[in-house]
Amino acid sequence: MSFLGVFVICLFCGLVLKTIWNNLKGPWENVPPGPIFLPVLGSTLTFAMGSKDAVKFPLLVIDAMAKKYGEVMRLSMGSQHMVFLSGLKAIKEFASKEETTMRPYNETLLEMYSDGEPLGMGIGIGGERWKEQRRFSARALRDLGAGKKGMDAKILQEVVHAIEDIKNRISGTQRLTKMDQYFDLPDLNIIWGLVAGIRYEYDDPAAHQQFDYLRSFLQESTAGPMTTTPWLKYIPPFKGIYWNIRQTMDAFRVLIKSVIQDQRKTFDSEHVRGYIDKFLIEQKANRGKFFTDKDLIINCQDLFIAGSETASKTLSNCFMWLVLNPDVQLKVQEELDRVIGRERHITMDDKINLPYTDATMMEVRRISTPFPITPPRTAPMDITIQGYKIPAGVPVQMNIYSVLRGEKYFDEPDKFKPERFLNEQNKVVVPEAFIPFGYGKRRCLGENLATVSNFIFYANLLQVFSFRMIDPKNPPSTLPCGGLTYGPQPFDVRVSVRE
Ligand code: HEM
């Protein structure tokens, strides 16, 4: 046998022995439990065998695996070792640490998201750049009124458009098709209102195209696997998907760039239109190190990626649960009629007097969270979680679905029961385990805006319309569907204007 032959056999045997050893001992010291893994493939086979729908519903496979292996679970996706945290204790322990605010550097993700550059506040890897962008953005959102009165009026304007639009669409048929996507454009407008003070008509093809861009990334269930198994992007069909995501995200950024150029030309510091103007002010004042044009483009993209689908899917989920639970819908409408009546719109100031209406939206967020598994975070040094060691740089994802749907935290977690959030005095209570916006220093930046916009939208629509199932024998499925964010499966509804 040639020297090369002996070398290949030795290499192969070495790899087999190392794999057996790693599986027995773990890839690192005091490793969390998890399924066996093979070289190159990792635990992909165990994962794929977890369900016949593993690609369609990876969330459910991860959740089932966590029940088997524990709250701190190692999962090797391709050649990438990762850790998934489930349960409130492990999530809180991890997310409260100062050193876990980083996102791991992932070349494929960054190529798809930001042409390879680690910018922005959502996927940006952390450190000084992220801190500065996050601090600025939180302040800008607050000043622009996100989650406060100023934004109320803009959201109400959008609701008024949606009410007219729904009346037109249902005229003669009482049928609203594709309810699972209906709120995409209204919510896109809410983000455009915040970013640049502009809005699109619902029949504007440009707005539809923008949402198609966002969907190509957010709804692509193989986007996650490609980031952990990067060689996939070189082989069909993943190669095509990878390039499609890159091209559509590029096209979205070209559009953002042209809006920024327009806003720069018409900039007037006395009339701030939105986030872009706020950023331009920082740029002109030369404050901070990281106020470049590229930072601005990716920050805007972050607001759309993190803020539009999450909010719109929450509303679609809401109407899905309401048609499945007509008694809850009636109770919300009864409260709206009793407290507000039909003569005026419902604003955020009314929320405190509408506990059942508020609790119903909380229950929607709990039972069908659009962001069930957070994007990966990591620590630049070894850390210990629940007694297990997680080495520096290993990506960690938090399975917040395990808490929101966990029996340990919520009684009968698969049932839709808004009253679980009300106490004996009929006041809303927020349990510690209610974490749909994540936990710790990288928790959602848009929580206030999402809370206001979702509440105002659904309450005002229920004041005007009733929503029913098209065919009670064929109810909408409650199985989540998506890629990086989750919403309901396609469904239509019957809508009538309330007497
Ligand atoms: C119902 C709607 C929403 C839900 C359920 C939601 C949930 C989440 C979750 C779970 C995270 C991940 C936190 C982590 O990594 O630990 C997140 C991050 C983020 N969200 Fe939201 N979100 C919503 C709406 C919004 C809106 C409307 C905006 C902005 C306009 C927004 C902006 C962000 C940003 C920028 C991040 C990244 C923060 C960072 O990495 O520092 N979100 N969101």
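This short presentation covers the nonpolar cores, a small sheet and one annotated cysteine in a predicted model.

I begin with the interior. The largest nonpolar core has 84 residues, and those with the most contacts inside it are Tyr275, Cys300, Phe319, Ile456 and Tyr458. Helix H13, residues 293-324, supplies the largest share of this core, 16 residues. Apart from this core lies another, of 31 residues, which includes Phe47, Val72, Phe84 and Ile390. As a general remark, nonpolar side chains in soluble globular proteins tend to be buried together.

Tyr275 deserves a closer view. Leaving aside residues up to four places away in sequence, Tyr275 touches Ala140, Leu144, Leu194, Val195, Cys300 and Leu303.

I turn now to the sheet. Three strands form an open sheet in the order E3-E10-E7, with antiparallel pairing. Strand E3 (175-176) and strand E7 (465-469) each have a single partner strand, so one side of each is left without a neighbour in the sheet. Between E7 and strand E10, residues 493-497, the antiparallel pairing runs over five bridges. Arg468 has Arg494, in E10, as its bridge partner. Helix H13 packs on this sheet, touching E7 and E10, and its direction makes about 70° with that of E7.

Finally, I come to Cys444. UniProt, in an unreviewed entry, places the feature "binding site" at this residue. Cys444 lies in the loop between helix H16 (401-404) and helix H17 (447-464). Why is Cys444 classed as partly exposed? The reason is that 19 other C-beta atoms lie within 10 Å of Cys444, whereas a buried residue would need 20 or more. Its contacts, not counting residues up to four places away in sequence, are Phe437 and Gly438.

Key. Residues numbered from 1 in each chain as written. Predicted model: local features only at pLDDT ≥ 70, side-chain atom pairs only at ≥ 80, totals over all residues. Core = buried A, V, L, I, M, F, W, Y, C linked by C-beta atoms within 7 Å. Buried ≥ 20, exposed ≤ 12 C-beta atoms within 10 Å, placed from the backbone. Helix = DSSP H or I, 4+ residues; strand = E, 2+ residues; numbered from the N terminus. Contact = placed C-beta atoms within 7 Å. UniProt positions renumbered as here; feature names shortened; annotations may be inferred. Pairing = 2+ DSSP bridges. Axes fitted to C-alpha atoms, helices over the stretch in contact; angles between N-to-C directions.
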